[in-house]
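Please look over the sequence and the structure shown here before reading on. The paragraphs after them go through the two chains in turn and then through what they share.

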Amino acid sequence: MRWLFNLVLFVFSFGFNFGLLDKLELNYVKADFFLVIIICLDVLRNETESILFGFFLGLTRDIFFSDKICFYAAIYAVTGYLFCKPFKYFYRENFFIPMILVFFATIFFEITGSVFYYGFSFYKYLFYVLNRIIFPKAIYNVVLILFFYPILYYINKKVETFENKFIKR
Amino acid sequence: MKFLKRRKKLALIIFIICFCCLIFLDRVLELNFFADSLGFIFLPVEKFCIATFNWSQKKIIFLNNIFEIENENIRLKEEAEKNNFERQKYKILEQENQKLNALLEMKSKFNDYDLVGANVIAKDSGGWFDIFLIDKGLNDGIKNNMVVLAKNGLAGKIIDCQKNFSKVLSLIDEKNSVSIKNSRTDDLGFVKGNLKFKNQGLCLVEFLDENADLIEGDEIVTSHLSEIYPKGLLVGQIKKINLDNNEREIILEPASDFKNIEHVLIIKQQKNLEE
């Protein structure tokens with residue numbers, strides 16, 4: 001059941017990210033649904049699942065939309081790993097935490113990716129990119145997680161209840 | 001009064017005779033007093049009766065035909081729905097027709113080339129790479145480094161081919177560099193994507209001679225120096241020239257609209273070269 005849920009989520013996030021989000025561009029800013037999903041899994045599941053999910057989502061993005069392999073995969077996996085750490089001290093029922101986490105995760109992801117991709121030339125545009133791309137994107141991701149986290153939380157709860165029943169039998 | 005009570009019949013006869021005489025006089029003298037008085041009393045009543053009768057008749061007919069009306073109502077609703085559906089269908093067909101016309105127009109612009117049309121199937125949602133996917137691949141004879149054209153001009157080049165789809169590196173990507181010339185002055189330079197302007201669908205003109213004569217609105221076309229891009233393809237127009245510390249930042253607005261890119265054409269071969 002858990003793997004079926006993961007598979008459906010994987011396919012859905014792929015379609016949503018590359019099919020629909022492109023049309024939902026706001027002032028030249030597009031949200032990153034993969035980050036939203038990774039942070040949700042960070043909170044709802046464990047770090048292994050989150051890293052694996054991040055890696056494979058990144059890999060699909062690499063295969064289709066980049067000329068490097070493992071560029072996105074590595075950054076998504078590292079983001080998944082790093083932002084899973086604080087959840088040892090928080091409850092997943094707290095809907096506010098994923099919002100803060102996705103905000104900082106977006107900033108981390110964008111800066112790390114830009115540094116690796118552009119190298120030193122990135123610093124020339126750092127403030128412009130922060131103001132015009134990274135912060136708006138982070139806010140856009142916060143809005144997305146606001147909608148999707150409760151849905152995923154509910155579905156995950158159902159999946160866990162089903163699994164527990166199955167184990168008891 | 002006692003007399004009247006006793007002679008009731010006589011009084012009645014006298015009253016009737018008097019009354020008839022009055023009517024007679026009324027007719028002879030054409031006073032029409034009685035007819036008017038009677039009309040004043042009875043006509044509204046009559047009108048009311050006729051209206052009530054007509055209303056009742058209509059209602060009875062309506063009740064008789066209620067099943068027919070219901071059926072007719074259902075039929076009309078179905079017809080209206082059908083019409084709506086048809087209207088929507090025509091609207092979609094009209095839009096499709098417009099798009100195909102635009103594509104045909106686009107194809108006629110590039111008569112010298114052997115072109116293949118393709119649809120954009122996916123775009124990355126704001127990453128570091130500006131790559132989009134098209135639905136033509138190796139099976140359709142597409143190869144790496146083939147030039148991709150959109151609505152009015154150059155859109156990019158193929159960087160990776162799979163059986164059924166290909167990756168196109170768009171003109172606004174930082175990795176893409178196109179040798180260009182100003183169609184007005186023949187000054188040579190390069191068009192490159194830029195991090196700052198990429199999101200707005202713009203790019204920069206670089207390595208242009210410092211003294212080159214350039215004005216906003218100048219048309220930029222591909223030069224004869226490129227190995228990949230055929231010469232003379234429209235790249236875009238100069239949108240703005242920023243002067244910053246005596247350095248010129250030349251912003252180019254590509255002829256292709258990368259935000260709403262849906263159909264593209266791929267140059268398979270130049271017809272003249274084939275001959």
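What follows is a walk through this predicted model, beginning with chain A.

Chain A is built from helices: there are 6 of them, with 0 strands. Read from one end of the sequence to the other, the pattern is accordingly α-α-α-α-α-α. Of the 169 residues in chain A, 36% are buried. Its contacts can also be sorted by distance along the sequence. Among those between residues at least 6 apart in sequence, 69% join residues at least 24 apart.

How confident is the predictor in chain A? The mean pLDDT of the chain is 85, and 96% of its residues reach 70 or more. Within chain A, helix α1 (residues 2–20) has the lowest confidence, with a mean of 83. The highest value, 90, belongs to helix α4 (residues 71–82) of chain A.

Chain B has both kinds of element, with 5 helices and 12 strands. It holds 275 residues, and buried residues make up 27% of them. Among the contacts in chain B between residues at least 6 apart in sequence, 56% join residues at least 24 apart.

Which strands of chain B close into a barrel? There are 6 of them, in the order β6-β7-β8-β11-β10-β9, and their pairing is antiparallel. From one strand to the next, the twist averages 45°.

Part of this barrel can be followed strand by strand. Strand β9 (residues 219–222) of chain B is joined to β10(B) by 3 bridges, and the two run antiparallel. In this pairing Val221(B) has Leu234(B) of β10(B) as its bridge partner. Strand β10 of chain B covers residues 234–244 and pairs in the antiparallel sense with strand β11 (residues 247–254) of chain B, over 8 bridges. Two of the partners in β11(B) can be picked out in the model. Ile241(B) is bridged to Ile250(B), while Gly236(B) is bridged to Pro254(B).

The next topic is the nonpolar interior. In soluble globular proteins, nonpolar side chains tend to be buried together. The largest nonpolar core in this model has 50 residues, and those that touch the most other members are Leu149(B), Leu154(B), Val191(B), Val264(B) and Ile266(B). Strand β1(B) supplies the largest share of this core, 5 residues.

Which residues does Val191(B) touch, leaving aside residues up to four places away in sequence? They are Leu171(B), Val178(B), Ile180(B), Cys203(B), Val205(B), Ile220(B), Val235(B) and Leu252(B). Among these, Val235(B) falls within the residue range of β10(B), and Leu252(B) within that of β11(B). Apart from the largest core lies another, of 34 residues, and among them are Ala31(A), Ile38(A), Leu44(A) and Leu144(A).

Finally, the two chains touch each other. The contact takes 21 residues from chain A and 15 residues from chain B. On the chain B side, the elements that give two or more residues are β1 (113–123), β2 (131–134) and α4 (195–198). By class, that side has 7 nonpolar, 5 polar and 3 charged residues. Strand β1(B) thus appears in two places in this account: it gives residues to the contact with chain A, and it contributes to the largest core.

Note on methods. Residues are numbered from 1 along each chain as its sequence is written. Chains are lettered from A and ligands numbered from 1 in the order in which they are written. This is a predicted model: local features need pLDDT of at least 70, side-chain atom pairs count only at pLDDT 80 or more; totals for chains, interfaces and linings use all residues. Two strands pair if DSSP finds at least two bridges between them. Helices (H or I, at least four residues) and strands (E, at least two) are DSSP runs, numbered from the N terminus. Axes are lines fitted to C-alpha atoms, for helices over the stretch in contact, and angles run from 0 to 180 degrees between N-to-C directions. Two residues are in contact if their C-beta atoms, placed from the backbone, lie within 7 Å. Ala, Val, Leu, Ile, Met, Phe, Trp, Tyr, Cys and Pro count as nonpolar, Asp, Glu, Lys and Arg as charged, and the others, Gly among them, as polar. A nonpolar core is a set of buried Ala, Val, Leu, Ile, Met, Phe, Trp, Tyr and Cys residues joined through C-beta atoms within 7 Å. A residue is buried if 20 or more other C-beta atoms lie within 10 Å of its own, exposed if 12 or fewer, and partly exposed in between; C-beta atoms are placed from the backbone. pLDDT is the predictor's confidence in each residue, from 0 to 100.
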